[in-house]
Amino acid sequence: MGYRTIFWYFFRQHMALTGLVLACLFLIVFLGQFAELSRHQSEAAGWTAIETMTLSLYRSPVLMQAILPHVMLIASALAVARASRRLEVTILLQNGLSHLRILLPVALSGAVFGLGYTLVASPLSSYAYNASERALTELLATAPDPDQRNPREMMLRDETGANYLLIEHVAEDARTLYGVLVYRVDPRHSLRQSIEAERAVATDTGWRLEGARELFRAPDLADEESVRATLVFSQRALAQRYEREEVASFFALPEKIALGQIVGAPVHELQVQYYWLAALPVLLGGIALMAGAMVMRPMQRGGWKGDAALILGAAFTIYTVSTVLDALGTRGVVDPLVSTGTIPVLCILAGLGAVWIKRGGPWRMRQAMNARTAPAVAPSDDPAGAAG
């Protein structure tokens, strides 16, 4: 039996288990969405359980993105543990196949799964979620007193600070803004001035505030320092609303990042999402390698409690570290590349370290150290002692 046959055997086994674990967790997420959306049925006329089920089905794939690392962790551990229990790992090791070559198809299966999600599932899930949002808006429009406002929130930066804009409603032609609140802050984010305007009208030079009145003014603010009566920002920012970062596909994120940079909005969160999707194949491949190395053993007799504890500890560590890094990345404390690239690198290193331990690395190192530190035995000159 050639290695190619062994490779594809483990590859298919891992893919099948990954699909099974993914389907089970998808069902749990789907039921949660169904329960959450069911409360709207009494608020809209003609809303049926079939529509609730359809919207839940559209929205669930987006929510699965956050648990993909845990799906891969569980599936990889189950695949390798099953191969060990069937003595397949034992036979392959006895025939000269190394630990890494046994785990290679598992790791590549995880990488292929991540690549498929980034390039195929992410755009489809984004499209499905946006479709569910439009359908949900139409259904809720039949509820009593629907909220027909079209609000916006924007930030305009310049060399002396920033203006935060809260807009209650944008007209259909995007030429008039109603209920505009402007907060002026300095580079230290201290409030300098706030202005409320009834509306802002588009002109050739910007947006002219009408019916404006000052709500707050810093005591040390000079007369010449004030929010400009005409605000300048791209009308494209009103025509295209920012969506939640979960619903943006891998291919749509670069344009959203460019749009945020045009209007001066923070884009760290979008960059983290983009780099996370780009690194997803490496992340899932590294997790598959790590999980497989943790549970691999020549004889799978007992020890399952320890393996389960290791997998639970790895899941908790991945969740905790990724949550912290994601928060730091979205706030610009660390570079988005560092925020998204740390976990894949740590998983690969942990997997290689687990393989080294399973191959007896610490024991061999202790042997080498003992051989170096053992005192040399000098030959004896006493014939009696030599004879004895």
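Guide: In this predicted model, the buried residues of helix α9 pack against three other helices, namely α3 (68-85), α8 (268-295) and α10 (336-358). Among these buried residues of α9 are Asp 307, Ile 311, Ala 314 and Leu 325.

Visitor: How do you know that the length of helix α9 agrees with its 27 residues?

Guide: At 1.5 Å a residue, the 27 residues of α9, which run from 304 to 330, should span 39 Å, and since the C-alpha atoms at its ends are 38 Å apart, the two values agree. After α9 comes Gly 332, which has a positive phi, near 75°.

Visitor: What makes the phi of Leu 87 worth pointing out?

Guide: Most residues other than glycine have a negative phi. Leu 87 is a residue other than glycine, yet its phi is positive, near 65°, and it lies in the loop between α3 and α4 (88-94).

Visitor: Why is Leu 87 called partly exposed?

Guide: The relative accessibility of Leu 87 is 38%, and because partly exposed covers the values between the 20% and 50% cut-offs, Leu 87 counts as partly exposed.

Visitor: Why is Ser 194 called buried?

Guide: Buried means under 20% relative accessible area, and Ser 194, at 4%, therefore counts as buried. Ser 194 lies in strand β4 (residues 191-202), and, leaving aside its neighbours within four places in sequence, its contacts include Val 182, Tyr 183, Arg 213 and Phe 216.

Visitor: What makes Trp 8 and Phe 11 an edge-to-face pair?

Guide: The count of aromatic pairs comes to 9. In the pair formed by Trp 8 and Phe 11, the centres are 5.3 Å apart and the planes are at 70°; because centres within 6.5 Å make a pair and planes over 60 degrees apart count as edge-to-face, this pair is edge-to-face. The two residues are 3 apart in helix α1 (residues 3-38), so about one helical turn separates them. Phe 11 is buried, with a relative accessible area of 14%, whereas Trp 8 is partly exposed, with 42%.

Visitor: Why is the pair of Tyr 274 and Tyr 275 called tilted?

Guide: The ring centres of Tyr 274 and Tyr 275 are 5.8 Å apart and their planes are at 55°, so the pair is tilted, because an angle that is neither under 30 nor over 60 degrees falls into that class.

Visitor: How do you know that Arg 101 sits over the ring of Tyr 3?

Guide: Arg 101 lies over the face of Tyr 3, at 4.0 Å from the ring centre, and the cut-off for that distance is 6 Å. Tyr 3 also belongs to a cluster that ring pairs link together with Phe 7, Trp 8 and Phe 11.

Terms used: Residues numbered from 1 in each chain as written. Predicted model: local features only at pLDDT ≥ 70, side-chain atom pairs only at ≥ 80, totals over all residues. Heavy atoms only, no water. Helix = DSSP H or I, 4+ residues; strand = E, 2+ residues; numbered from the N terminus. Expected span 1.5 Å × (residues − 1). Buried < 20%, exposed > 50% of the residue type's maximum accessible area, 1.4 Å probe, protein only. Contact = heavy atoms within 4.5 Å. Phe/Tyr/Trp six-rings, centres within 6.5 Å; stacked < 30°, edge-to-face > 60°. Lys NZ or Arg CZ within 6 Å of the ring centre and 35° of its normal.
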